[in-house]
Amino acid sequence: MPPHLAMPGNVGIISRSGTLTYEVINELTRAGIGQSTVVGIGGDPVIGQTFTEVLERFESDPQTKAVVLIGEVGGNLEEEGAKSTSLPLVTYIAGISAPPEKRMGHAGAIIEGGEGDAVSKIARLRKLGIPVAGKPSDIPALVREIV
């Protein structure tokens, strides 16, 4: 991660997308919102950690006051993570225009039978009361609302 994009702070980031991680860090930093820790879990079917596991670590980190969760189409790891924490969250889900029943970019981003598509995932997160950004540049304002 290029160090000039980030700045120290109290917002954790967990992401399934490397490219979006850069963009979100840059948006937060430009808005004067620093990051405590940034964790990329990747989007492949076999990952090293889940959102839930990383959120458990953020829960025990006194520096982290809120978390940005960057998800994408495929599976339900974002919703599972969101249900597992008491930390304030802001989410962004990539892939709103991804066609159903297609693998998108890598093996983990498959949408099957209404499970894992961006629209359904966003609706479930909003039902949990979690703000969902429409685009990465919306994230700083949503973070300010929850911190």
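Two residues are in contact when heavy atoms of theirs lie within 4.5 Å. The structure used in these exercises is a predicted model.

**Exercise 1. Describe the chain as a whole, from its contacts to its order of elements.**

Step 1: Take the contacts between residues at least 6 apart in sequence; of these, 66% join residues at least 24 apart.

Step 2: Turn to the elements, which are five helices and five strands, and which follow one another from the N terminus as β-α-β-α-β-α-β-α-β-α.

Step 3: Consider burial, for which the cut-off is a relative accessible area under 20%; buried residues make up 47% of the 147 residues in the chain.

**Exercise 2. Work out which strands stand at the edges of the sheet, and how β4 is covered.**

Step 1: Write down the strand order, which is β2-β1-β3-β4-β5 in an open sheet with parallel pairing.

Step 2: Look for strands with a single partner; these are β2 and β5 (132-133), so one side of each is left without a neighbour in the sheet.

Step 3: Follow the pairing of β3 with β4, two strands that run parallel and are joined by six bridges. Val67 has Leu89 of β4 as its bridge partner, while Val68 stands opposite Val90 of that strand.

Step 4: Examine the two faces of β4, where Leu89, Thr91 and Ile93 are buried on one side and Val90, Tyr92 and Ala94 are buried on the other. Six of the six residues of β4 are therefore buried, by the rule that a relative accessible area under 20% counts as buried.

**Exercise 3. Explain why the buried residues of helix α2 line one face of the helix.**

Step 1: List the buried residues of α2 (residues 51-59), namely Phe51, Thr52, Val54, Leu55 and Phe58.

Step 2: Look down the axis of α2, where these buried residues fall within an arc of 160 degrees, so they line one face of the helix.

Step 3: Recall the general pattern behind such a face: an α-helix has 3.6 residues a turn, so residues three or four places apart point the same way.

Step 4: Compare the face turned away from the buried side of α2, which carries the exposed residues Glu56 and Arg57. The cover over the buried residues includes β1 (8-15), β2, β3 (66-72), α3 (77-83) and β4 (89-94).

**Exercise 4. Decide which parts of the chain are tied together by the salt bridges Arg16–Glu72 and Glu79–Arg124.**

Step 1: Begin with Arg16 and Glu72, whose side chains meet in a salt bridge at 4.0 Å, N to O. Arg16 lies in the loop between β1 and α1 (18-30) and Glu72 in strand β3, so the pair ties together parts that are 56 residues apart in sequence.

Step 2: Check the burial of both partners: Arg16 counts as buried at 6% relative accessibility, and Glu72 counts as buried at 10%.

Step 3: Move to Glu79 and Arg124, with their closest N and O atoms 2.8 Å apart in a salt bridge. Because Glu79 lies in helix α3 and Arg124 in helix α4 (residues 118-127), this pair ties together parts that are 45 residues apart in sequence.

Step 4: Check these partners as well: Glu79 is buried, with a relative accessible area of 4%, whereas Arg124 is partly exposed at 30%.

Key
Residues numbered from 1 in each chain as written. Predicted model: local features only at pLDDT ≥ 70, side-chain atom pairs only at ≥ 80, totals over all residues. Heavy atoms only, no water. Buried < 20%, exposed > 50% of the residue type's maximum accessible area, 1.4 Å probe, protein only. Helix = DSSP H or I, 4+ residues; strand = E, 2+ residues; numbered from the N terminus. Arc of directions from axis to C-beta. Pairing = 2+ DSSP bridges.
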